[in-house]
Structure formats: structure tokens, C-alpha cells
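Please open the structure in your viewer and keep the sequence panel beside it, so that each selection can be followed as you read.

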Amino acid sequence: MHIIRVKDYDALSEKACNYVVNQIRKLDKPVLGLATGSTPEGLYERLIDAYRKEKVTFKNVKTFNLDEYAGLEKKNSNSYYFYMKDKLFNHVDIEMNHVQLPNGDVSDIEIECSRYEKKIREAGHIDLQLLGLGLNGHIGFNEPGSSFSSRTHIVELDVSTREANARFFDSMKNVPTQAITMGIGTIMESKEILLLVSGKKKAEAVKQLLEGEISESFPATVLRNHEKVTMIADEGALSLVA
Ligand code: F6R
């Protein structure tokens, strides 16, 4: 794993933006895997800025998001569909028919998971997958215990994950208990992975990721088996590793 150490969150967002812009420019028809949560917000702001300054175009970009809550309508402001439109898609020249997220608002989730896997397969591969790191080591919503060979599937969210995300909801009881996530096997087939980690609260998770045993009990450790992973992390996130 290649580690890029930066001072703080701003520097992380800047580096990540340059990284993603370079990828988009390099490839003819880039396929990006996208993440939600707090960590990529600064990156998305900078991508919008880069687009406005005509440093990048999303015309030929296709995207697949990692995950989506089950049971939320797209128009719900806590859905990841809403997040992506609000934080990126509405502000750049991406074609909305090039954008894919799992749909959590369906009666048959199993069929939705298969549909999503098929879409990714049809796109060939994901060129660059963005990831954040959960405090419990989750990537996407692959919670501890998820199989390293899993494909897109439904998950029961950990209490710790629901608590970490409760800040976006009115109350804990409104935080969905389930989500659809790309599987670890799906994520690991991406050609390249860019992991973003910021802040002291993630320091223990980063230590575990880099120094712990590679195990399904801390899903992110699987990334050490991937040949092309770059982690951009700030001083806070790296504060417990040498
Ligand atoms: C989001 C996702 C999650 C987050 C992780 C970190 O699509 O899949 O794995 O990346 O929970 O979240 P933040 O960035 O809010 O700390």
C-alpha cells in the first residue's frame, strides 16, 4: 500500500482531487467508484471547483457508488443518491444515465443486488474506487465478519456504524438498520483503490489496518492484498503508526 501523508483534512482533499482529476484525464472512458460520508466531501467540493475552472470534464465518466441505505427513497435527504446529487452530480457535467447507485427503495433487494453486480460487470471494471474507513474497519458497508469474497449484498448495519452516522438523522431510531453494499470481492476487483482517512478518531483503525492481522474481522485489512492501493491520510489519522 502506498501511503501519502498530508498535514490535515484540507491537504488531503486537495491531494485526492489532483489524484482523481489525473485519472479522469488519463482515461478515455473512466469508471469511478464513489463513496459518501464526511471524508470525501472536501474532495467533491474541489472536483466541482476544478470542473468550473475547466480543468476536468465528467462527460465521459461513469460512476458506481459503494452503497445505499435500505428503505430510503431517493428523494430522502439522507439517501446516498440525494447526497451524491447534492455534493457532486448537480454541479458538474456528468450524464445522469452514467451514474449508478444501488437502489435501496425496492421491494426485492436480492434482485436489486444482482442488477447492480451486473451493471458493474457490464462496465468492465472500476478504474478507481474511492473508499473511506469505518471505525470498525468497514469498507463500503462491509461490516466485520463480511466475507472477503462477497458480492453486492444486503447488510445489517453495526450499532457502531449507525451511531457514527446518526449525526445526519433526527434521531438514532431513524437511522436505517440495513444497507446494500458492494461486496469486498467486488471492491477488490477495482483496478486501483484510493483510500481517504482523516482525523485522530480514525488513528486506531489506521493502525489496525496497517499492522493488524489480515482478517475478515477487520475488513479493511483485505486492502493489503490488493496490488494498487493508495491511502491518503492526515497526521491525525497516522498518529498511532510509526
Ligand atoms: C460510504 C461508505 C463508508 C464510509 C465510512 C467512513 O459510502 O461506504 O464505508 O466511507 O463509514 O465514513 P466517514 O467518511 O463519514 O468517516
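The tour below moves from the annotated span to the strands, a helix, the core, the active-site entries and some loop residues.

Before selecting anything, note that this is a predicted model, in which local features need pLDDT of at least 70, side-chain atom pairs count only at pLDDT 80 or more, and totals for chains, interfaces and linings use all residues. Residues are numbered from 1 along each chain as its sequence is written.

**The annotated span**

Select residues 9-229, where an unreviewed UniProt entry places the feature "domain: Glucosamine/galactosamine-6-phosphate isomerase". UniProt positions are given in the numbering used here, feature names are shortened, and annotations may be inferred rather than shown by experiment. The C-alpha atoms at the two ends of residues 9-229 are 19 Å apart, and the span is 33% helix and 14% strand. Helices (H or I, at least four residues) and strands (E, at least two) are DSSP runs, numbered from the N terminus.

**Strand 6 and its partners**

Next select strand 6 (128-131), from which Leu128 and Leu130 point one way and Gln129 and Leu131 the other, with all of them buried. A residue is buried if 20 or more other C-beta atoms lie within 10 Å of its own, exposed if 12 or fewer, and partly exposed in between, the C-beta atoms being placed from the backbone. In a regular strand the side chains alternate between the two faces of the sheet. Add strand 2 (residues 31-34), which pairs with strand 6 in the parallel sense over two bridges; two strands pair if DSSP finds at least two bridges between them. Here Gly33 stands opposite Gln129. Then add strand 9 (192-197), whose pairing with strand 6 is also parallel and runs over four bridges, with Glu192 as the bridge partner of Leu128.

**The open sheet 4-8-7**

Now colour the three strands that form an open sheet in the order 4-8-7, with antiparallel pairing. Strand 4 (67-69) and strand 7 (153-156) are the edge strands, each pairing on one side only. Neighbouring strands of this sheet are turned by 25° against each other on average, direction ignored; the axes are lines fitted to C-alpha atoms, for helices over the stretch in contact, and angles run from 0 to 180 degrees between N-to-C directions. Strand 4 pairs with strand 8 (residues 178-181) over three bridges in the antiparallel sense, and Tyr69 stands opposite Ala179 in strand 8.

**Helix 7**

Select helix 7 (residues 203-211), whose buried residues are Ala205, Val206, Gln208 and Leu209. Looking down the axis of helix 7, you will find these buried residues within an arc of 160° (taken over the directions from the helix axis to the C-beta atoms), so they line one face of the helix. They pack against strand 9 and strand 10 (229-234). Zoom in on Gln208, which is buried with 20 other C-beta atoms within 10 Å and, leaving aside neighbours within four places in sequence, is in contact with Gly137 and Phe218; contact requires that the C-beta atoms of two residues, placed from the backbone, lie within 7 Å.

**The nonpolar core**

A nonpolar core is a set of buried Ala, Val, Leu, Ile, Met, Phe, Trp, Tyr and Cys residues joined through C-beta atoms within 7 Å. The largest one here has 62 residues, and those with the most contacts inside it are Ala16, Met84, Leu195, Leu196 and Val197. Centre the view on Leu196, which touches, among others beyond four places away in sequence, Leu12, Ala16, Leu130 and Ile232.

**The active-site entries**

Which residues does UniProt list for "active site"? The unreviewed entry gives Asp67, Asn136, His138 and Glu143. Asn136 is found in the loop between strand 6 and strand 7, and Glu143 is in the loop between strand 6 and strand 7 too. Asn136 counts as partly exposed, with 18 C-beta neighbours inside 10 Å, whereas Glu143 is buried, with 21. Beyond four places in sequence, the contacts of Asn136 include Glu143, Pro144 and Asp158, while those of Glu143 include Asn136, His138 and Val155.

**Two loop residues to finish**

Select Glu54, in the loop between helix 2 (41-52) and strand 3 (62-65). Glu54 counts as exposed, with 7 C-beta neighbours inside 10 Å, and its phi is near 60°, a positive value in a residue other than glycine. Last, select Asp105, in the loop between strand 5 (99-100) and helix 4 (109-123), where Asp105 is in contact with Leu72, Glu73 and Lys74, leaving aside neighbours within four places in sequence.
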